[in-house]
Amino acid sequence: MKTRTIENPFTLVLFGASGDLAWRLVIPALFVLFQKGHLPDSFHLIGVARSEYDASGYCDHLVGFYGDSRPEEWPTFCEHIDYLQADPLQHDTYRQLAERLAGDHKNLDTTDEWIFYLATPPALFAPIAERLGCFDLAKNGERVRIVVEKPLGHNLASFSQINANLLAHFQESQIYRIDHYLGKETVQNILAMRFANPIFEPIWNRNYIDHVAITVAETLGVEKRAAYYEHSGALRDMLQNHILQLLCLVAMEPPIAYDAQDIRNRKIDVLQAIRPIRPEEVYERAARGQYGPGWINGRAVPGYRQEPGIDPESATETYAALKLNIDNWRWQDVPFYLRTGKRLPAKVSEISIRFKPVPHRAFPVDADQSGQPVRLTLQIQPEESIRLHFLVKEPGMPLRLRLVDMRFDYARTFHHELPSAYETLLYEVLAGDASLFMRADQVGAAWKLVQPVLDIWANTSPSDFPNYPAGTWGPESAELLTARDGRSWLVPMLIQSEEMRQ
Ligand code: BG6
């Protein structure tokens, strides 16, 4: 199998072209791909939005915004840009779009690839897909793709509805569902580390691993996203998608080939093997929190309920933790603890694989004073690294064992800048490789898994909110989640190493 490149001429139709997602992430990613020479000579971007521009006005706006970086390349990039000022709900928009897509070819008879990127609110996914279908713009499964982003539903039922609407006009193989975590270099590297090396796989199982802890912590609060976040909360916003994707990559079986179907089959196997959370278990296996006022990096910050646009009695969780078990041969009895929260002490995402203690302790009990488990840490951000923490003998007498750190840092090893997640994902969409995108059955399985927790949380108002001050590691109930099993969360490695440097 060869790695795919972007070879065919294409037109990227960007709905929501004047919105935040297009502006901040999609267009800059396309520009970088262009500037790095990844795009074919013949490509077009057609921005579709209601905002009043024509093609040159839209380009001027872009250049005004981004043109300081590589100013000499923007004029050539802009030659590829067109703009259609139109309402995505109006049928006439699609007639005009069809004309532009056909170009000189009659009856849309072109061999170009078309990618419809829906950088719009999810409420527009169904109407846009339906109209693309009506105007015959969706039907060529080989060369037409559609890209959508989260939130993909609010629960299992609404996801199924969105999905049915897309599938009414597009085949599954044409639908690229973005989870931007899958575009991060370090996330992709989980598979390379596990399956390109012979040394990890033999110990990657219940015989050697005690448990796995995944932390995705943010210092940011809700920012200006009150309207979205109040109806989402941390479980929907981060755990149902990004963190479960990380779990799948850590827990999946080796794929036969690095290809979209095979990788996604192995991931769905994991999701289906996760023990369902019964309603009566929710309080043992899940914890929720909401930040109150506190301090982050020496700055006083308001509590969630005091943020603009937030209900002063909001029951939305800004922190969520789950304990999951995977009922299969490899992972039986190895818990996976997952946690995420806003306004925690640091922005850090890491996966910590904790190994079991040695079967027999030959060293004197007081020789090991580290008190820390031997473990492998996959740091996803902000410093991308892999670290193995293991015990060695400290020089000198008396005998002392100490935990040391063997590490691989992306930045020190590779001296070029890592591509952004959107750059990678857009590349893969244009190359037609869906390995890094979520298949419908995965998204459905992830919703099914968290649904009992969402239901119980929705039906019981949290009497202790706010239950963690901003700038702390979350509520006590999350500590209990691990403590009940005689385990604990660890302060992420990044913070520990910063403390060591001070
Ligand atoms: C998004 C969430 O999907 O991921 C945000 O909606 C969150 O709430 C963001 O802040 C985190 O992404 P990253 O790449 O900064 O870890």
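**Notebook: rings, core and empty space**

I began with the aromatic rings of this predicted model, and the count came to 28 aromatic pairs. The one I pulled up to look at was Phe65 with Tyr66: edge-to-face, 5.0 Å centre to centre, with 80 degrees between the planes. I then checked how open each partner is. Phe65 is exposed, at a relative accessible area of 51%, while Tyr66 is buried at 19%. Both sit close to a cut-off, because exposed means over 50% and buried means under 20%.

Next I went to Phe408 and Tyr410. Their ring centres are 5.1 Å apart and the planes stand at 55 degrees, so I put this pair down as tilted. Edge-to-face would have needed over 60 degrees. Phe408 counts as partly exposed, at 25% relative accessibility; Tyr410 is buried, with 7%.

Back to Phe65 and Tyr66: I wanted to know which other rings they link up with. Ring pairs join them into a cluster with Phe10, Trp23, Phe31, Phe34, Phe43, Tyr53, Tyr58, Trp74, Phe77 and Tyr83.

**Charges over rings**

I looked up two of these. Arg143 has its charged end over the ring of Trp114, 4.9 Å from the ring centre. Lys184 does likewise with Tyr181, at 4.6 Å from the centre of that ring.

**The core**

Which residues have the most contacts inside the largest nonpolar core? I found Leu97 and Phe116, in a core of 157 residues. Helix H9, residues 234-251, gives the most to this core, with twelve residues.

I followed Phe116 further, skipping neighbours within four places in sequence. Its contacts are Val13, Phe15, Leu97, Leu101, Leu132, Leu137, Val144, Arg145, Ile146, Val147 and Phe170. I note that Leu97, the other residue named for the core, is on that list.

**The largest pocket**

I noted a volume of about 1,400 Å³ for the largest pocket. It is lined by 49 residues, and those nearest its centre are Asp20, Leu21, Arg24, Leu25 and Arg225. Which element gives the largest share of the lining? That is H1, with seven residues. I also listed the elements that supply at least two lining residues each: helix H1 (20-35), strand S2 (43-49), H9 and helix H13 (421-431). H9 thus turns up again in my notes, here in the pocket lining and before that in the core.

**Two single residues**

Is Arg266 buried or exposed? I get buried, with a relative accessible area of 18%. Arg266 lies in helix H10, residues 260-273. Leaving aside neighbours within four places in sequence, I find Arg266 in contact with Met252, Glu253, Pro254 and Pro255.

Thr316 I found in the loop between strand S11 (299-301) and strand S12 (319-324). Thr316 is buried too, at 9% relative accessible area. Not counting residues up to four places away in sequence, Thr316 touches Tyr229, Glu230, Gly233, Gln290, Tyr304 and Phe465.

**Closed cavities**

Last, the enclosed space. I count three cavities of 30 Å³ or more, and the largest has a volume of about 90 Å³. Leu182, Val187, Gln188, Leu191, Leu249, Tyr258, Ile263, Lys267, Ser435 and Leu436 line the largest cavity. Helix H7 (185-195) and H10 each supply at least two residues of that lining; the largest share, three residues, comes from H7. H10 is also where I had placed Arg266.

Notes: Residues numbered from 1 in each chain as written. Predicted model: local features only at pLDDT ≥ 70, side-chain atom pairs only at ≥ 80, totals over all residues. Heavy atoms only, no water. Phe/Tyr/Trp six-rings, centres within 6.5 Å; stacked < 30°, edge-to-face > 60°. Buried < 20%, exposed > 50% of the residue type's maximum accessible area, 1.4 Å probe, protein only. Lys NZ or Arg CZ within 6 Å of the ring centre and 35° of its normal. Core = buried A, V, L, I, M, F, W, Y, C linked by side-chain atoms within 4.5 Å. Helix = DSSP H or I, 4+ residues; strand = E, 2+ residues; numbered from the N terminus. Contact = heavy atoms within 4.5 Å. 1 Å grid on protein atoms, 1.4 Å probe; cavity = no way out; pocket = protein on both sides within 12 Å on 5 of 7 lines; lining within 4 Å. Points joined across faces, edges and corners; volume = space filled by probe spheres on them.
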